Amino acid sequence: SIYEMFGNECCLSTGEVIKVIGFKINKLIASICDNNEVSRFSAKVELPLNFPGLYKVVADKTPYVSIEEITRKVSIGPTRFGHPCFYSPEDIKLSNLTIKHGEQITINSVEEVNGTMAVNCGVVRNNQSHSFNLPLSQEGKFYECEDDQIYTLKEIAEWKIPKCRNRIVKLSSALHTWDSSNPLPENFDGCLILTPVYEVQAVMKFRKDIVHILSDLDVEVKDITDCYDISSFLQPLSLEDVFERTSKEFPMVAEIMEGPSGSQKPYNLLYTGKEIVIYKKYQATRVLASEIRSDSPKRHFLIPMSYKGKFKRRPREFPTAYDLEIAKSEKEQLHVVATKAFDAPHKELFSVSVGDQFLVQQCQTSEVLYEGRKKVIDILACEQILSNTYKKVFLPMYMEGGFVEVIHDKKQYQLSEICKEFRLPFNVKVSVRDLSVEEDVLAAMPGLQFEEEITDSYLLISSTSSPVESWEIPVYRLNMSVHLLSKDAQTVVPPATKTTLEEISEEQYYMVRRYENQTLHPPPRPPKKPT
C-alpha cells in the first residue's frame, strides 16, 4: 500500500514491521449544533487544528461509570491541561474523608498505591486543598464539571476530547476577521460539535523520522508485540518528555526526528536529521510585550532579559481616575493631560475640561451631598497645573474620562532597569536596537507596551557540528520530536547564548496571559457611581 501524507510518500510493504507510538487527532469535523444536538440544516465542515479562535468546552452530560473508564478515555498528565474535574451525584465515603455529592474532584495523576492502580485527586474546601486516592475499580456516576477556561482548537484536540466521544464547544472569541474562506457562517458565535479524525504515529525499522498514517487507510495489520524485540526501534521524545528528565541526565545528544515549522532563527536550523546537544533545562523570565496600535491585529513578543537594546518611555493612556491611582508611584509624580471632559455631579468635586493638566497625589475619602443625604466616596486628590500656580482638586474614583501621561524623563533604559524601577504595564519605544540580534523587529515598532513578566520552561541547545552559539527553545510552544543518541556531548559548557526574540501568535498570547494570571486574584473593580 502506498500513501502520501504531508508531501511524503511512504510504502507499507507486506511484512513491514511498524511500531505504533501514539494516536493523534489530525483534523476535526465540525457541525453547528442547537441545544447540544446537530442542527438539521448544518453542513459538516473540516477544521484544521490551527483554525483561529478561542473556545469554551461544554461539559459532557454523559457520565463515566468508573474511575477506570475516565483514565482510559480522558487525557491526564503533568501539564496544566491534564487535570480534568468531575463530580459525583452521590457521596463517596473513604477511610479518612467523605467526598460530598456535587463536590468538584480534580484528578492530578495516575499512580500505583500499595500495589493497586489509583488516581491521585484533590478537593478544595475553605481555600484548603485535600488530597486523596481513588482506585481505578471505584464505580459510580462521574460527570464532567463546567470548565470556564478558554482553549485553542489545538489544545482541545490534544487534551479535551475523550476517546470514543465527540466534544461540544462554544466560540468564545473570534480572533480574526471573517472572510469567504472561513467555513463557518459570518458572525457565528454559537456551538459546534467536534468529531475527531485520528492519525497513527509510528516508527519504522529503517527510517529516522516519524511516520503519520491516517486511521482510515485501508491496510490489514497483525499485532506482533509479544514476539518482537521492540527495543530495536527508535524512541521518539517530545520536548516535554525531554524536560521531564532529571537534571543530572543533561547534557545529552539527540537527533531531530520531526522539526518545528517556522522560518525565523533558530527554528529554521532545527530540521529532521540534525544532531543537537541539549545542555540543560530551566525556567527563564520573559517580558510579554505588545505593539501599540489602535487597530488590530497587534503583534506580540516574548523578550528575554538578555536583550541588549535600550528603550525610551512613551506616554501611557488612562481611561479612568482609578487607573491613575493604580499607575502612580513613589519614584516620580504622575503628570497627565485630560483628553475627555467630565462634569462633576457634586460641588465638592472638580469638573474636568479637555487640556486640563494634573499632578496625581493620593486616594482618600470625602463626604458629598447626594439627594439630600451625605455619602462617603473614594476620591483622587490632584493638583491642577495652572499658568503660574497649582490648585488642589478632587476627582471621583469612578470618573470615566481620559488622560494621557506627560513624559519628562528622557533617560534610556535597559529592559532589566524598567522591570526593576517601574510597575507594568509600561509604554516604550526602542531607542537603541540590539546589534547582537540579526533582525531586531522591536526597533521597527512605533511603540511597545510591556504587559507583564512571565516565567516559562526552556531547553538550552546547540548544533553538534558547529557549536559556536546556543539557543533557548520554549518547551510548550515548539512542536518538535527527537531521539537520544548514545554518545556524549563534546563539551559540557554551552557556548554563548544567542538572544532570541520570540514572536507569538494571538492565540499563544492569550494562553500565556491566562496561565500567568490564573493563580492571581483579579484586581479590584473601580468604584461605581453612588446610588
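## Domains

The domain assignment of this predicted model divides the protein into four parts. Domain 1 is made of two segments, 1-59 and 147-234, and domain 2 covers 61-145. Domain 3 is also given as two segments, 236-314 and 407-518, while domain 4 runs over 317-405. Between the C-alpha centres of domain 2 and domain 4 the distance is 52 Å.

## Overall build and confidence

The C-alpha trace spans about 95 × 60 × 55 Å along its principal axes. The protein holds six helices and 33 strands. Of its 531 residues, 44% count as buried. Among contacts with a separation of 6 or more, 67% are between residues 24 or more positions apart.

Mean pLDDT for the protein is 84, with 91% of the residues at 70 or more. Residues 517-525 have pLDDT below 50. Beyond near neighbours in sequence, this stretch makes five contacts in the model.

## The sheet with strands 7 to 14

One open sheet has six strands in the order 7-14-8-11-12-13, and the pairing is antiparallel. Its edges are strand 7 (64-66) and strand 13 (128-135). Each of these has a single partner strand, so one side of each is left without a neighbour in the sheet. From one strand to the next, the twist averages 45 degrees.

Strand 14 (residues 139-144) pairs with strand 8 (residues 85-87) in the antiparallel sense, over two bridges. In this pair Phe86 stands opposite Glu144 of strand 14. Strand 14 also pairs with strand 7, again antiparallel and over two bridges. Here Glu139 of strand 14 is the bridge partner of Ser66.

## The sheet with strands 23 to 28

A further open sheet of six strands follows the order 23-28-24-25-26-27, with antiparallel pairing. Strand 23 (317-320) and strand 27 (390-396) stand at its edges. Because each has a single partner strand, one side of each lacks a neighbour in the sheet. The twist from one strand to the next averages 40 degrees.

Within this sheet, strand 24 (residues 335-338) and strand 25 (residues 357-370) run antiparallel and are joined by three bridges. Leu359 in strand 25 stands opposite His335.

## Ile379 and its surroundings

Ile379 is found in strand 26 (residues 373-385). Its relative accessibility is 1%, so Ile379 counts as buried, the cut-off being under 20%.

Leaving out residues up to four places away in sequence, Ile379 touches Leu349, a run of residues from Gln362 through Cys363, Gln364 and Thr365 to Ser366, and also Phe394, Leu395, Pro396 and Met397. Glu438 is 59 residues from Ile379 in sequence, and their C-alpha atoms are 50 Å apart in space.

## Cysteines

The number of disulfides comes to zero, where a disulfide would need a pair of cysteine sulfur atoms within 2.5 Å. Cys363 is in no disulfide, and the nearest cysteine sulfur to that of Cys363 belongs to Cys382, 10 Å away.

Cys363, one of the residues that Ile379 touches, has 33% relative accessibility and therefore counts as partly exposed. Cys419 has 16% relative accessibility and therefore counts as buried. The two residues fall on either side of the 20% cut-off for buried.

## Helix 2

Helix 2 covers residues 153-160. Six of its eight residues are buried, so helix 2 is largely enclosed by the rest of the structure. The buried residues are Leu153, Glu155, Ile156, Ala157, Trp159 and Lys160.

Methods. Residues are numbered from 1 along each chain as its sequence is written. This is a predicted model: local features need pLDDT of at least 70, side-chain atom pairs count only at pLDDT 80 or more; totals for chains, interfaces and linings use all residues. Side-chain values use heavy atoms; hydrogens and water are left out. Buried means under 20% relative accessible area, exposed over 50%, partly exposed in between (1.4 Å probe, protein chains only). pLDDT is the predictor's confidence in each residue, from 0 to 100. Contact means heavy atoms within 4.5 Å. Two strands pair if DSSP finds at least two bridges between them. Helices (H or I, at least four residues) and strands (E, at least two) are DSSP runs, numbered from the N terminus. Axes are lines fitted to C-alpha atoms, for helices over the stretch in contact, and angles run from 0 to 180 degrees between N-to-C directions. Domain bounds come from an automatic or database domain assignment.
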